[in-house]
Amino acid sequence: MADENQNHDEPIIRDKRRIDPETGEVRKAPEGADASAPAGAPGATDAAASASPDAADADTVAEGDEELTVDDILNAAQAEVEDPSAEHLADLKRVTAEYANYRKRTEANREVERERAIGAAVAVLLPVLDDLDRAEKHGDLDGDTPFATIAAKLRASVEKLGLAKFGEVGEPFDPQRHEAIFQQHSDEIEVDTVADVVETGYLLGGTLLRAAKVVVKTPA
């Protein structure tokens, strides 16, 4: 019984040698390989792969040779700048045209908003300008009086903002700019003509702030 127990306690030594089935030669199995695994088994394949690291390194180097470098990318970009393709040139022209149109629209909208803001500020001064016109007709602005000086400064200030008045006696009647409050028949004219200006009209750039109220002479 003691001998049997002693045999069970002894370590089992496995033979790592392998017999080649084709030649009958005894070969030592590679380190880390399972000696019991036959040739072609997964264990043998892993051992063969670990025993030949040079082949894996060669594959890695071959793959690295096909990657683009930074110089390759920069050279390609420079070549495209110097000699752009037809497609990229067409895209560049299209973007340039769109930007030019955008600038035109932006400038036009800015001018419209500017005229609108100035018009809103100047509109409150139109009754004052009407009073100056009536005072001028009555001779209150004659001479170098303080009232005449203030009137001249006010008119010059609004003119600098782009305000222009219209409506003169003898000019053709324009329904887009004139508002007829009375009509007179006359044999001396062939077209509708302004006979008198009751209230002056004003323009701010291309914006009509107020139509002129006039008396119109019409052909008999």
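This is a short selection-by-selection tour of two sheets, two nonpolar cores and several salt bridges. The model is a predicted one.

**Stop 1: the antiparallel sheet**

Select β3, β6 and β7. These three strands make an open sheet in the order β3-β6-β7, with antiparallel pairing. Which strands stand at the edges? They are β3 (163–166) and β7, each with a single partner strand, so one side of each has no neighbour in the sheet. On average, neighbouring strands here are turned by 35° against each other, direction ignored.

Next, show β6 and β7 together. Three bridges pair them in the antiparallel sense. Pick L203 and look across to β7: L208 stands opposite.

Now add α6. This helix packs on the sheet and touches β3, β6 and β7. The direction of α6 makes about 135° with that of β6.

**Stop 2: T207**

Stay on strand β7 and select T207. Buried or exposed? Neither quite: T207 counts as partly exposed, at 34% relative accessibility. Setting aside residues up to four places away in sequence, T207 touches E115 and Y202. Show the side chains of T207 and E115: a polar contact of 3.1 Å joins them.

For a distance check, pick the C-alpha atoms of T207 and L163. They are 9.7 Å apart in space, while the two residues are 44 apart in sequence.

**Stop 3: the largest nonpolar core**

Select L126, L129, L141, L163 and Y202. In the largest nonpolar core, which has 13 residues, these five touch the most other members. Where does the core come from? At least two residues each are supplied by α5 (86–123), α6 (126–137), α7 (146–160) and β6 (201–204). Helix α6 gives the most, with four residues.

Keep Y202 selected and expand to its contacts. Leaving out neighbours within four places in sequence, the set includes L126, L129, D130 and D133. L163, A164, K165 and F166 are also in contact with Y202. So are T207, L208, L209 and R210.

A second core lies apart from the largest one. It has six residues, among them F166, V197, A212 and V214.

**Stop 4: a buried salt bridge**

Select D130 and R210, two of the Y202 contacts. D130 forms a salt bridge with R210, and the closest N and O atoms are 2.8 Å apart. The pair links distant parts of the chain: D130 sits in helix α6 and R210 in strand β7 (residues 207–210), 80 residues apart. Are these residues buried or exposed? D130 counts as buried at 7% relative accessibility, and R210 counts as buried at 17%.

Add E199 and K213 to the selection. Salt bridges that share partners join D130, E199, R210 and K213 into one network.

**Stop 5: salt bridges along α5**

How many salt bridges does a search of the whole structure find? Ten. Two of them can be inspected within one helix.

Select R94 and E98. Their side chains meet in a salt bridge of 3.4 Å, N to O. Both residues lie in helix α5, four residues apart, about one turn of the helix. R94 is partly exposed, with a relative accessible area of 44%. E98 is partly exposed too, at 46%.

Move along to E111 and R114. Here the side chains meet in a salt bridge of 3.5 Å, N to O. This pair also lies in helix α5, three residues apart, about one turn of the helix. E111 counts as partly exposed at 38% relative accessibility, and R114 does so at 43%.

**Stop 6: the mixed sheet**

Finally, select β4, β8 and β5. These three strands form an open sheet in the order β4-β8-β5, with mixed pairing. The edge strands are β4 (178–186) and β5 (193–199); each has a single partner strand, so one side of each is left without a neighbour in the sheet. From one strand to the next, the twist averages 25°.

Show β4 with strand β8 (residues 212–219). The two run parallel, joined by eight bridges. End on S186: P219 in β8 stands opposite.

Notes: Residues are numbered from 1 along each chain as its sequence is written. This is a predicted model: local features need pLDDT of at least 70, side-chain atom pairs count only at pLDDT 80 or more; totals for chains, interfaces and linings use all residues. Side-chain values use heavy atoms; hydrogens and water are left out. Two strands pair if DSSP finds at least two bridges between them. Axes are lines fitted to C-alpha atoms, for helices over the stretch in contact, and angles run from 0 to 180 degrees between N-to-C directions. A nonpolar core is a set of buried Ala, Val, Leu, Ile, Met, Phe, Trp, Tyr and Cys residues joined through side-chain atoms within 4.5 Å. Buried means under 20% relative accessible area, exposed over 50%, partly exposed in between (1.4 Å probe, protein chains only). Contact means heavy atoms within 4.5 Å. A salt bridge is a side-chain nitrogen of Lys or Arg within 4 Å of a carboxyl oxygen of Asp or Glu. A polar contact is a pair of N or O atoms within 3.5 Å; within protein, one must be able to donate a hydrogen and the other to accept it, and residues adjacent in sequence count only if both atoms are side-chain atoms.
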